[in-house]
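Subject: Structure handover

Hello,

Here is the structure I promised, with my notes below it. Please read them alongside the model.

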Amino acid sequence: MKALVKAKPEEGLWMERVPVPEIGPNDVLIKVKKSAICGTDVHIWNWDEWARKTVPVPLVTGHEFTGEVADVGAAVTEYKPGQRVSGEGHIVCGHCRNCRAGRGHLCRNTLGVGVQRPGSFAEFIALPQHNVVAIPDDVPDEIAAIFDPLGNAVHTALSFDLVGEDVLVTGAGPIGIMGALVAQCVGARKVVITDINPGRLELARKLGVRHAVNAAQEKLPDVMARLGMTEGFDVGLEMSGAAPAFRDMIDAMNNGGKIAILGIAPTGFEIDWNKVIFKMLHLKGIYGREMFETWYKMIALVQGPLDVSGVITHRMGIDDFREGFDAMRSGEAGKVVLDW
Ligand code: NAD
Ligand code: ZN
C-alpha cells in the first residue's frame, strides 16, 4: 500500500510502498478515506528535537483520519466491513491504575498512533477495536477526519462549567477556534479569542467567534473594558503554546479562575506564580481526549449546534501532500484534509 513514511532521521516525509498492516484477533483494519494534517505531523516532518526523541524511524505517520472497516480480527464483535469509522489515536495499556479505574486518558503507558506506532497517512491503518469509533451517517467524512483535534478542543473547553461564564481562549489556531465555538455553543457569556496572526483572527471571525482580538495590537484589560467586563475571565483555554499568551491569560483571570492548558509551551518558560497563588487559580493540563466521554459529547455537538466545517480551509489529494504541509507551515491554513 501507499503510505507517507518518516523513512529517514532528517527533514521530510516520503511516499513509499509498505505492507498492509497485519491485524491480531482484537484489531480492526480500516481503509483510510481522509486524513488531516496535525501540527504534530509538521514537527515530525521538520524533525525537531521533540520528534527526534519520540518517533522511531521508519514509521508511517498521521493520526487524524476517517475511513471504512476493511477487515476485523476473530475476536472483534462490534465492527463489520463497510462500516464508517474513525479512531482514538491514543493507545492505552488497559492495566495501569488509571486504565483499570476507567480513566484511560490518564494512562501512563499511552502510545500515539502515527507518532510511536504506524499511523493513518496510508491506505490502511490497524487499530485495536477498543480505539475504533463508529461514525453516524449524518456526520460527513471530513468532519470525522478532524475528530482528533476537535476532541482536543471539546475536552479542553468542557473541562470546566462554561454556562454564563466569561471565557478567554488564547491562540486562534484550528483548535483554539473550535474551542471558542464550543464555548459559545454551550452557553458561555463573553468568549474572547486572541492571536497575533491576523489571518487566524479573520478565520475565527468568519466562523462566528464573536470577539477576536489581536494580542499584539490590543491589551486584554482594554478589551475587557470595551466589553464591559469589570472583573476578569472565569475560564481560560490556553490553545497557543505561547508563553506570552499564557502570561496575559493569568493577568486577565478573575480570582478563582480556572485554566485548562492544551497548548504546548517551550520547556522552562516563566510565569508569575504569585499571581497563580494569590488569585487562587485552578490550572489543569489537557492531553488528548477523554476516552470516550469526549467522543460522545463531540459527536453530539456536531450532530447538533456546532458547525466546525469552516475550520477546514484546504482539501487535496494525497499526492499533493507537500502542498498540504506547505499550507500548514504558512500559518494561514486552518485544517488541511488529505483525500486518500
Ligand atoms: P496552532 O499552532 O495552529 O495555533 C496556535 C496559535 O497560537 C497560532 O495561530 C499562533 O499565531 C497563536 N499565538 C502565538 N503567540 C500568541 C500569543 N502571544 N497570543 C495569542 N496567540 C498566539 O496550533 P493548534 O493546532 O491549533 O493547536 C493548539 C496548541 O495545542 C498547540 O500548542 C499544539 O501543540 C497543542 N496541542 C496539544 C495537544 C495536547 O494533547 N495537549 C494536542 C494537540 C495540540
Ligand atoms: Zn494504562
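Start with Cys-38: this residue counts as buried because it has 25 C-beta neighbours inside 10 Å. The cut-offs are these: a residue is buried with 20 or more other C-beta atoms within 10 Å of its own, exposed with 12 or fewer, and partly exposed in between, with C-beta atoms placed from the backbone.

A word on conventions. This is a predicted model, in which local features need pLDDT of at least 70 and side-chain atom pairs count only at pLDDT 80 or more, while totals for chains, interfaces and linings use all residues. Residues are numbered from 1 along each chain as its sequence is written, and chains are lettered from A and ligands numbered from 1 in the order in which they are written.

The annotated site

Cys-38 sits in the loop between β3 (27–37) and α1 (39–46). Helices (H or I, at least four residues) and strands (E, at least two) are DSSP runs, numbered from the N terminus. The unreviewed UniProt entry marks Cys-38, His-63 and Glu-64 as "binding site". These three span 27 residues in sequence, yet no two of their C-alpha atoms are more than 8.0 Å apart, so they gather at one spot. UniProt positions follow the numbering used here, feature names are shortened, and annotations may be inferred rather than shown by experiment.

Leaving out residues up to four places away in sequence, Cys-38 touches His-63, Glu-64 and Pro-149. Contact means C-beta atoms, placed from the backbone, within 7 Å. Glu-64 belongs to strand β5 (residues 64–72). Glu-64 is buried too, with 31 other C-beta atoms within 10 Å. Its contacts, with the same sequence neighbours left out, include Ser-35, Ser-120, Asp-148 and Pro-149.

The whole chain

The chain has 12 helices and 18 strands. Its C-alpha trace spans about 60 × 40 × 40 Å along the principal axes. The radius of gyration is 20 Å, which agrees with the value near 20 Å for a compact globule of 340 residues. That radius is taken over C-alpha atoms, and the globule rule is 2.2 Å times the number of residues to the power 0.38. Of the 340 residues, 47% count as buried. Among contacts between residues at least 6 apart in sequence, 67% join residues at least 24 apart.

Domains and core

The domain assignment gives domain 1 (2–146 + 308–339) and domain 2 (159–285). Such bounds come from an automatic or database assignment. The domain centres, taken over C-alpha atoms, are 29 Å apart. Domain 1 puts 7 residues into the contact and domain 2 puts in 9 residues.

Which residues have the most contacts inside the largest nonpolar core? They are Val-167, Ile-177 and Ile-193, in a core of 101 residues. A nonpolar core here is a set of buried Ala, Val, Leu, Ile, Met, Phe, Trp, Tyr and Cys residues joined through C-beta atoms within 7 Å. Helix α6 (residues 174–185) gives the most to this core, with 7 residues. Both domains give residues to the core, so it lies between them. Beyond four places in sequence, the contacts of Val-167 include Leu-162, Ala-183, Phe-233 and Leu-237.

The unreviewed UniProt entry also has "domain: Alcohol dehydrogenase-like C-terminal" over residues 174–303. That stretch is 42% helix and 22% strand, with its end C-alpha atoms 19 Å apart.

One last residue: Glu-202, in helix α7 (residues 198–206). Glu-202 is partly exposed, with 14 other C-beta atoms within 10 Å.

Best wishes

Key
Contact = placed C-beta atoms within 7 Å.
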